Amino acid sequence: MKIVILGGVAAGAKAAAKARRILPDAIIDLYTDDTHISYSACGLPYYIEGNFEDYRMLLVRSPEEFEQKNVHIHLRNRAAKIMPHCKQVLIEDLDNNHAFLEDYDKLIIATGARPTIPPIKNVDLKNIFTVRKIEDGIAIKEKALNSKKAVIIGGGYIGIEMLEALVKQNLHVTLFEYSSGLMRHFDNDMSSLIYEQLLSISDGRFDIYTSELVTEFSGDNSGVNTVRTGSGKEIETDMVIIAAGATPNVEIAREAGIAIGETGAIKVNDKMQTNFEDIYACGDCVEENLIISNTKIWMPLGSNANKEGRTAAINACGGEDRFHGVLGSAVTRCLSLTMSLTGLTVSKAEQLGYEPVFVKVTKNDKVGYMPDVNNITLKLVADKKTGLLLGCQAVGAGDADKRVNTVTAALLSGMTVANFFKNDITYAPPYSPTIDPLLNAAQILMGMVNKE
C-alpha cells in the first residue's frame with residue numbers, strides 16, 4: 001500500500017508515525033511546503049519569551065528520524081492539485097522549480113491553517129510578523145531582543161500569549177483588538193474580567209485597546225515604525241505581531257471536490273474520512289463535532305490534531321477507530337492570569353436552543369492561610385429544563401485549569417448538576433479549600449434548575 005500525507009506539523013506527522021507502526025511494509029511519503037516537520041507551533045510564544053534558548057526543543061521528530069523508519073519526508077514540496085478519480089497528487093518542488101505527479105492508494109490531508117491577514121495598508125513592511133512556523137519564532141525572538149516597543153493586533157489566544165512573551169522580553173507592548181473585548185470565546189462578562197485583571201497587573205508595561213481597528217502601518221527601509229487606527233491613534237513601534245485569527249487551508253481540497261463543512265473547514269466523518277473513500281483529513285484543516293450539542297465547530301489545537309492524525313492513520317491502514325469530537329476545551333496564560341473554558345458558554349447555549357442558567361463565584365483556589373493562595377472566578381453553566389451541565393469558564397491567578405479539566409469529564413459523561421455535586425474532589429490545604437469552588441458553584445446552580 002502507498003500512503004501519501006500532505007502536511008507535516010502535528011496531524012500529518014502523527015499520521016505518518018502511526019501508519020508506519022501499523023503497516024511496516026507500506027510506502028509512506030509525506031509532503032510539506034514547510035522547512036521543518038513534527039514541531040510544536042503552540043510552543044513558539046514560550047520560545048520567544050525565553051523559557052528555553054534552542055528552538056530545536058520544539059521539534060518532536062526530525063526528517064532523519066522518520067527516514068530511519070522508512071517514512072519519506074519531502075520538505076519544501078507543495079501539493080498543488082488533488083485528482084481523486086485517478087488517485088494522484090500534483091506536487092511542486094519549491095527548491096528545484098519543477099512539478100510531478102504522485103500516485104496514492106490512501107491520501108491523508110493535513111494542510112493545517114494559516115494566519116488571517118487583515119486588510120491593513122502597508123502590511124508588507126519589514127518587521128511585521130505572524131506566529132505560525134519555526135522561522136517566525138526565530139525571527140520574532142531576534143527582533144524582540146533588539147527592540148523596545150511592540151504592537152500586537154488581536155486579543156485572542158495567540159495575541160494574549162505573545163503579550164506575555166514580549167513583556168517578559170522587556171518590551172513595552174500595545175495590543176489592539178477590533179471587537180469589544182478580549183478572548184471572545186468566553187462570555188462577555190468573563191471577557192471583561194480578563195481585560196480588567198490584565199490591566200490590574202500591567203504596571204505600565206503594556207496597554208490594551210479594544211474596539212480599535214488598525215488601518216495603516218508606516219515605516220521606511222528599516223521596517224515598520226508607526227501603527228495607526230481608525231480612531232486616530234498613532235503608536236510608535238519597532239515591530240508588529242499580527243494575531244488576528246486563522247483560516248483553514250482547504251483550497252486544494254475544495255478544488256478536488258472534497259466537501260467543505262459549515263465552519264469552512266473540511267467535512268469529515270468520525271473516521272476522519274472525507275466524501276472520497278480513500279481520502280482522509282485531520283488537524284487544523286478539518287472541522288470537529290462538538291460533543292455536547294452534536295453540532296460542528298472548528299477548533300485548531302495541537303491536542304485535537306494529534307488525536308485526529310492517529311485516527312486518520314488507523315482507518316487509512318484498514319483498521320477501525322473513531323474520533324467522536326471535542327468539548328471545546330482550551331486554556332492559556334498571560335503573565336499571572338490563567339484563562340480556561342470547556343463546553344458551552346451561555347451565549348453559545350442560547351444560540352443552540354438551550355435555556356441556560358449559570359452561577360459565577362470568585363473563591364480562593366486553596367485554603368486562605370497558604371502562602372500561594374490566589375483567587376479564581378468560575379462560571380458554571382447548565383440547562384434549566386434538564387439540569388444537564390453544559391460548560392465552565394475559569395479566570396484567575398489560581399489553579400483555574402484543573403477545575404475546568406474536572407468539568408470536561410462530567411460533560412463527556414452527560415452529568416446533571418446534581419450528579420456533579422456528588423463529586424468526591426480531592427482536598428488538602430495546598431490544593432483546595434475544604435469545599436472546592438466547583439462544588440460551591442454546583443450547589444448554587446442546583447437551586448436554579450428544575451428538580452431532577
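In what order do the 5 strands of the open sheet stand, and is the pairing parallel or antiparallel? I would like to start there this morning, keeping in mind that what we have on the screen is a predicted model. The order is 21-22-25-24-23, and the pairing is antiparallel. For those who are new to sheets, strands of a sheet pair through backbone hydrogen bonds, either parallel or antiparallel.

If you look for the edges of this sheet, you will find strand 21, residues 330-334, and strand 23, residues 356-364, each of which pairs on one side only. Going from one strand to the next, the twist averages 10 degrees. At one of these edges, strand 23 is joined by 9 bridges to strand 24, residues 375-383, and the two run antiparallel. Within that pair of strands, K360 stands opposite K379 of strand 24, and the charged end of K379 sits over the ring of F358, at 4.3 Å from the ring's centre.

Two helices lie across this sheet, and I will take them in turn. Helix 6, made of residues 188-200, lies across strands 21, 22, 23, 24 and 25, and runs at about 10 degrees to strand 25, which covers residues 389-396. Helix 10, residues 400-412, lies across strand 21, strand 22, strand 24 and strand 25, and its angle to strand 25 is about 175 degrees.

Let me move now to an earlier part of the chain, where strand 4 and strand 5 form a hairpin with 4 residues between them. Strand 5 covers residues 88-93, and the two strands pair in the antiparallel sense over 6 bridges, with M83 standing opposite Q88 of strand 5. In the turn itself, K87 has a positive phi of about 50 degrees. Why can we call strand 4 largely enclosed by the rest of the structure? The reason is that 5 of its 7 residues, in the stretch 77-83, are buried.

That brings us to the nonpolar cores, and a general remark may help here: in soluble globular proteins, nonpolar side chains tend to be buried together. The largest nonpolar core in this model has 50 residues, and those that touch the most other members are L6, I82, L107, I108, I109, I258 and I266. Helix 1, residues 11-22, supplies the largest share of this core, with 6 residues. Apart from it lies another core, of 41 residues, which includes Y47, A144, L341 and V395. Y47 appears once more in the model, since the charged end of K141 sits over its ring, 4.2 Å from the centre. To give you a sense of the surroundings of a single residue, leaving aside those up to four places away in sequence, I266 touches a set of residues that includes I109, V250, I258, C285 and E287.

Next, a point about the backbone: most residues other than glycine have a negative phi, and most peptide bonds are trans. M183 has a phi near 45 degrees, which is positive although the residue is not glycine. You will find M183 in the loop between strand 11, residues 172-176, and helix 6, and M183 is buried, with a relative accessible area of 1%. M272 is another non-glycine residue with a positive phi, here of about 65 degrees. The loop that holds M272 runs between helix 7, residues 251-255, and strand 18, residues 279-281, and M272 counts as buried, at 2% relative accessibility.

Finally, how many aromatic pairs does a search of the whole structure find? The search finds 3 of them, and I will describe two. Y31 and F100 form a tilted pair, with 6.1 Å from centre to centre and 55 degrees between the planes. This pair links distant parts of the chain, since Y31 belongs to strand 2 and F100 to strand 6, 69 residues apart. Y31 counts as buried at 3% relative accessibility, whereas F100, at 25%, counts as partly exposed.

In the pair of F176 and Y209, the ring centres are 5.5 Å apart and the planes are at 20 degrees, and therefore this pair is stacked. Here too distant parts of the chain are linked, with F176 in strand 11 and Y209 in strand 12, 33 residues apart. F176 is buried, at 1% relative accessibility, while Y209, at 28%, is partly exposed.

Terms used. Residues are numbered from 1 along each chain as its sequence is written. This is a predicted model: local features need pLDDT of at least 70, side-chain atom pairs count only at pLDDT 80 or more; totals for chains, interfaces and linings use all residues. Side-chain values use heavy atoms; hydrogens and water are left out. Two strands pair if DSSP finds at least two bridges between them. Axes are lines fitted to C-alpha atoms, for helices over the stretch in contact, and angles run from 0 to 180 degrees between N-to-C directions. Contact means heavy atoms within 4.5 Å. Buried means under 20% relative accessible area, exposed over 50%, partly exposed in between (1.4 Å probe, protein chains only). A nonpolar core is a set of buried Ala, Val, Leu, Ile, Met, Phe, Trp, Tyr and Cys residues joined through side-chain atoms within 4.5 Å. Rings of Phe, Tyr and Trp (its six-membered ring) pair if their centres lie within 6.5 Å; planes under 30 degrees apart count as stacked, over 60 as edge-to-face and the rest as tilted. A charge sits over a ring if NZ of Lys or CZ of Arg is within 6 Å of the ring centre and within 35 degrees of the ring normal.
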